[in-house]
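Here are a few exercises to work through with the structure open beside you. Try each one yourself before reading its solution.

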Protein chains: 2
Amino acid sequence: MINKEEFRKKIIITAGQIFSHYGFKKTTMDEIASALKMGKSSIYYYFESKEEIFEAVVLYEANLLRNELTTTIKSVESPVEKIRNYVFVRMKSFEKLSNYYNAIFDKNLDHFEFIENIRAKYDREELAILRLLLYHGARKKVFNVTNSEYTALAVQTTLKGLEVPLFWKKKELHLEDRLNAILDVLFNGILKK
Amino acid sequence: MINKEEFRKKIIITAGQIFSHYGFKKTTMDEIASALKMGKSSIYYYFESKEEIFEAVVLYEANLLRNELTTTIKSVESPVEKIRNYVFVRMKSFEKLSNYYNAIFDKNLDHFEFIENIRAKYDREELAILRLLLYHGARKKVFNVTNSEYTALAVQTTLKGLEVPLFWKKKELHLEDRLNAILDVLFNGILKK
DNA sequence: GAATTTTCGACCAAAAAATTCGAATATTTT
DNA sequence: AAAATATTCGAATTTTTTGGTCGAAAATTC
């Protein structure tokens, strides 16, 4: 009924849900299989290994995030709102993604490198987006930004402070408050006008 | 610096956090130990087994919930608000607790029985609380309840519908909506006045 | 400084998990 | 409808993980 490629996608989505809660290590092939209502060995017809599934999932999610962020930006006009929305969606997504990293940290340096690569690519794209948003705002005379490339770098670096490492106590962070504070500084600065 | 009993409590709290995310099965002694920054074998000085820790955790959490609920009730005056708040806190707590049950269901009938016992005790207590809340409201002439024991039974049974079994898709349940709907019925009934 | 309490690393057996394999079943092609 | 191909599956195998033990070291108390 559905072809191989579609089925791979189905596996990716299902496995992704489990990975996102339990992390790589704690997710078993049995669980993935039974969530898909199929025999464990059948999965090996579509993927070589658990790792291959995981990599496909990370790739897939990265694309989803990319699309979601693009849509978000397009959905509003004002330069301020564009940045504000972008930054909020980004934070929520990263919070969710942090579960994937969980339980990888012991040994599996391999995955770590794989994720790092995807991440690096994403960072480059994000920088371009931020630059565009800033440039756009400057053109509309809303932002006072002369070198959008330079300022984009500052914004991106700031946002990295919101990516929660595992050993932080999430509850004590109040990420939303922090993000709002950051946006205040970003838009208004701290100098008296 | 701190005595044995206090350390047991520390273990219970730490283990509880991990259990509540990963469930009994997926939580390892190594994880508990390293979260406590101590050797795995040291834990066995305080507890006989992983199961014993788990039981202590469940017991501890049950007490926390009991206290939280009591405080909640006391924090407001109006009989309607008392019930409304009680019922909301209860729902939130049960949602959280459902993670504990996770990954137990395969074999470990033992735990299941243990939890059932605690649960049964809690149910009895809850019934008494509900009866009191209803009686209190009737005394204040806010509720039209003649037999508070009987009505308490109805309320408790209704609330059981909110305890999410594992095989339900949480996202499709909209528990808060359901709870609000239930409260509407509880307070206003469905008959034309 | 002896006795007691607490921690720890190395070790083990059992359980769990990933992966393989060959046979069975379904689907497509000829 | 037979041959070829694609897909599923259960059982078997290998690898890894994990709960728990033990005796020896620290640390603490007496």
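Four exercises follow, each with a worked solution.

Before you start: this is a predicted model, where local features need pLDDT of at least 70, side-chain atom pairs count only at pLDDT 80 or more, and totals for chains, interfaces and linings use all residues. Residues are numbered from 1 along each chain as its sequence is written, chains are lettered from A and ligands numbered from 1 in the order in which they are written, and side-chain values use heavy atoms, with hydrogens and water left out.

**Exercise 1.** Work out which residues come nearest to DNA strand D, and which helices help build the surface there.

Step 1. Collect the residues with a heavy atom within 4 Å of the strand. You should get 16, with A:S41, A:Y45, A:Y46, B:M29 and B:K50 coming nearest.

Step 2. Sort them by helix (a DSSP run of H or I, at least four residues, numbered from the N terminus). Helix 3 (40-46) of chain A and helix 3 (40-46) of chain B each supply at least two residues. The largest share, four residues, comes from helix 3 of chain A.

Step 3. Sort by class, counting Asp, Glu, Lys and Arg as charged, Ala, Val, Leu, Ile, Met, Phe, Trp, Tyr, Cys and Pro as nonpolar, and the others, Gly among them, as polar. That gives five nonpolar, seven polar and four charged residues.

**Exercise 2.** Find out which parts of DNA strand D the protein meets.

Step 1. Take the strand's atoms within 4 Å of the protein: 60% belong to sugar or phosphate, the rest to bases.

Step 2. Look at the phosphate oxygens. One is 2.9 Å from a polar backbone atom of A:G39, and one lies 2.7 Å from a backbone N or O atom of B:M29.

Step 3. Now the bases: a base oxygen is 3.0 Å from an N or O atom in the side chain of B:K40.

**Exercise 3.** Is A:S20 buried or exposed?

Step 1. Locate A:S20 in helix 1 (residues 4-26) of chain A.

Step 2. Its relative accessibility is 15%, so A:S20 counts as buried (under 20% relative accessible area; exposed is over 50%, partly exposed in between, with a 1.4 Å probe and protein chains only).

Step 3. Follow the A:S20 side chain to the backbone oxygen of A:Q17, at 2.9 Å.

**Exercise 4.** Describe the surroundings of B:Q156.

Step 1. B:Q156 sits in helix 7 (residues 148-160) of chain B, and counts as buried because its relative accessibility is 7%.

Step 2. Leaving out residues up to four places away in sequence, B:Q156 touches B:D123, B:E126, B:L127 and B:L130 (heavy atoms within 4.5 Å).

Notes: A polar contact is a pair of N or O atoms within 3.5 Å; within protein, one must be able to donate a hydrogen and the other to accept it, and residues adjacent in sequence count only if both atoms are side-chain atoms.
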